[in-house]
Amino acid sequence: DGCDQIDKELCTPLPMAKNEAGTIDKQMLRNFLVNDRHDKNRMLCYYAHVPERKNQDYIFIHSLNFLEMEPLTSILDVGYYDYILRTDADALLFPGLLNLAPSGSGWIGAGEYGEEGLTDHLVRHFSETLLGSELGKPLRSATASPSMQSTFYIHTSVFQKFVSTLILATNTLYWRAFDRKEGGREGVCANLGKFLNMADQYENITQQLMGRKCGWPLWMKGVASLYGTRIAADYVLDNLTVTPALDALATSMNSVDRSIYETIQVHLLVTKKIYNEHSPDVNICTMQTETIRRLRSSIARNAGSLKPWSDTLLNAMETISNSTSMVPKTIHHETAAVFLKLFREQHGCNWTHPNELWVDENLTQHDDNTKVVTVESYEAVLKEIEWSNKKAAMFQKDYETKVEYEKEYDSLIHRPIVKETLDKFFCSECAFSLKASCGSRRAYFVKGKHKLPSVAHLYVMKDHPQCVREKAKEKSSVSLDAFCGNCKYLDSEMTCSTRLTYLMTTYDMEEEDSKESLLDQGYCADPEYAQKARS
């Protein structure tokens with residue numbers, strides 16, 4: 001809904017008129033792109049609604065599918081653009097878009113996408129074994145290109161081939177490079193080194209992978225499109241540049257501050273969690289610097305993995321708050337300014353108080369000495385009222401969703417099987433620190449913080465892997481063959497495959513652990529499995 005509102009307020013719908021043959025009138029489309037002149041208050045941008053394809057399980061696939069659907073295919077045919085930039089929605093565009101021009105086959109954003117020296121070879125192995133007959137020979141060795149992210153800026157002459165290869169690779173990897181159907185629990189993800197059995201030139205790589213399982217950062221199903229981008233680049237783009245001007249701030253590799261004029265796009269891959277999960281309270285309106293410092297301490301205490309990203313952003317926010325002069329035009333400062341504005345808007349810091357309508361400077365005096373509010377002031381307050389109503393409705397929806405999740409959480413956390421599973425994974429005797437065991441840390445949460453024992457287990461294991469008993473993972477007797485991906489999760493429209501992907505991408509869980517978790521909770525079991533097993 002938010003994207004729709006931005007489209008309608010700031011952009012122009014693309015003309016989708018069709019000719020007698022029932023296809024988009026490309027001549028009309030080209031004339032529109034060449035001759036269109038915008039109102040000065042509207043950006044030079046266009047939009048179209050593209051329906052999702054049916055029966056697509058991969059959660060991010062529509063962000064790729066639309067690239068080979070109308071109206072983009074017709075836009076490519078009219079020959080108006082030289083390069084096409086594809087970006088995720090959680091991103092900011094910067095002035096480098098106007099200053100920098102890609103060259104050669106195209107540019108792809110820089111950033112980590114796996115374990116150096118291992119993920120590259122996994123990508124190449126699966127592209128050769130699963131797609132070799134369709135893709136032919138790669139244009140370069142497995143490790144020739146630098147590590148890359150998912151944003152690409154591709155020349156239109158190779159764009160369609162690049163996109164079709166990317167989608168083919170993503171779907172193929174998603175369905176065949178992570179599953180266990182071919183070998184049950186001894187399949188792909190049970191032991192990557194054993195499964196791959198690479199050729200002699202990869203013997204050392206195979207040894208490094210022995211015993212390794214699927215999971216981030218090595219090999220994760222939830223980011224299949226990231227690996228698909230690498231495959232498309234290596235098989236289609238003969239003159240490729242991997243640049244920090246794209247996917248800036250997405251990963252630690254590409255987080256160095258730089259001029260906004262040397263940056264095309266900032267990808268809020270991790271940074272958005274600061275707003276989504278740690279947004280400050282209403283004191284941001286009146287005690288900005290102090291609130292930013294409290295937010296820094298809170299993140300360091302409760303979300304340690306986010307700290308490097310939050311420090312970058314909050315340092316820049318403090319500079320903005322305390323500066324009496326212009327701050328430098330860099331991506332750190334400009335991104336921080338966007339977040340600071342969002343924090344303040346969330347609490348209505350910049351609203352005009354209704355009483356301010358009636359001060360003399362906002363009133364127009366008539367000849368009969370009557371005074372009326374100016375149209376501009378009146379319309380401004382109407383907009384604020386409309387915005388506040390929408391915000392209230394959004395908060396109400398979030399609150400209702402939170403209540404439903406809390407009910408589900410409460411019903412699950414009290415189940416005996418949850419306690420048994422947590423007991424199995426929790427290593428009470430393991431060392432939490434030099435002076436405390438994991439068991440004593442759990443006791444602190446139970447007695448000192450009044451947490452349920454099961455919740456205390458989760459609190460300790462969440463941020464302290466030394467308290468997780470690794471061998472417990474081998475004790476599960478759940479048969480993964482019983483998992484039913486097409487079944488409905490709970491009573492919702494969500495399929496179990498979608499829920500599985502959610503667990504893997506949100507909590508970095510391995511596919512095996514995610515399936516076991518769902519089956520242990522009594523969900524996603526094939527109702528016909530027992531009958532199939534007997535027959």
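Contact, as the word is used here, means heavy atoms within 4.5 Å, and packing between helices in this predicted model is to be read in that sense. With that cut-off in hand, helix α17 makes a convenient starting point, since the buried residues of α17 pack against α18. The residues concerned are C438, G439 and F445, which are buried in α17. Viewed along the axis of α17, these buried residues fall within an arc of 120°, so they line one face of the helix. An α-helix has 3.6 residues a turn, so residues three or four places apart point the same way.

One of the buried residues of α17, C438, also takes part in a disulfide, being joined to C467 with an S to S distance of 2.0 Å. The torsion about that S-S bond is -80°, and the link of C438 and C467 is left-handed. Because C438 lies in helix α17 (residues 438-448) while C467 lies in the loop between α18 (453-463) and α19 (496-507), the pair ties together parts that are 29 residues apart in sequence. Both ends of the link are hidden from solvent by the criterion used here, which is a relative accessible area under 20%: C438 counts as buried at 0% relative accessibility, and C467 is buried with a relative accessible area of 0%.

The structure holds 5 disulfides, and two others can be set beside this link. A disulfide joins C11 to C45, with the sulfur atoms 1.9 Å apart, and its torsion about the S-S bond is about -95°, so this disulfide is left-handed. C11 sits in the loop between α1 (2-10) and β1 (12-13), and C45 in the loop between α2 and β2 (46-47), so the pair ties together parts that are 34 residues apart in sequence. C11 and C45 are both buried. C484 and C487 are likewise joined by a disulfide, with an S to S distance of 2.0 Å, but here the torsion about the S-S bond is about 90°, so the disulfide is right-handed. Of this pair, C484 is buried with a relative accessible area of 14%, and C487 counts as buried at 18% relative accessibility because the limit is 20%.

Helix α12 can be examined in the manner of α17, beginning with its geometry. At 1.5 Å a residue, the 15 residues of α12 (residues 288-302) should span 21 Å, and the end C-alpha atoms of the helix are 21 Å apart, which agrees. Its buried residues are Q288, T289, T291, I292, L295, R296 and I299. Seen down the axis of α12, they fall within an arc of 160°, so they line one face of the helix. The buried residues of α12 pack against α11 (272-278), α13 (307-322) and α14 (331-346).

From single helices the view can be widened to the interior. In soluble globular proteins, nonpolar side chains tend to be buried together. In this model the largest nonpolar core has 32 residues, and those with the most contacts inside it are I108, F152, F159, F162 and L237. Two or more residues of this core come from each of α2 (26-35), α4 (72-77), β5 (106-110), β6 (148-155), α7 (156-176), α10 (224-236) and β7 (240-243), and the largest share, 6 residues, comes from α7. F162 illustrates how these parts meet: leaving aside its neighbours within four places in sequence, F162 is in contact with I108, F152, I154, T229, A232, A233, V236 and L237.

A further buried residue to follow is L196, which is placed in helix α8 (residues 192-196) and has a relative accessible area of 5%, so L196 is buried. Not counting residues up to four places away in sequence, L196 touches L122, H125, F126 and L209. L196 and F126 are 70 residues apart in sequence, yet their C-alpha atoms are 9.0 Å apart in space.

The details above belong to a protein with 21 helices and 10 strands, in which buried residues make up 43% of the 535 residues. Among contacts between residues at least 6 apart in sequence, 68% join residues at least 24 apart. The protein exposes about 29,800 Å², and carbon and sulfur atoms supply 52% of that area.

Methods
Residues numbered from 1 in each chain as written. Predicted model: local features only at pLDDT ≥ 70, side-chain atom pairs only at ≥ 80, totals over all residues. Heavy atoms only, no water. Core = buried A, V, L, I, M, F, W, Y, C linked by side-chain atoms within 4.5 Å. Buried < 20%, exposed > 50% of the residue type's maximum accessible area, 1.4 Å probe, protein only. Helix = DSSP H or I, 4+ residues; strand = E, 2+ residues; numbered from the N terminus. Expected span 1.5 Å × (residues − 1). Arc of directions from axis to C-beta. Disulfide = S-S within 2.5 Å. Areas by Shrake-Rupley, 256 points an atom, 1.4 Å probe, with all protein chains shown as cover.
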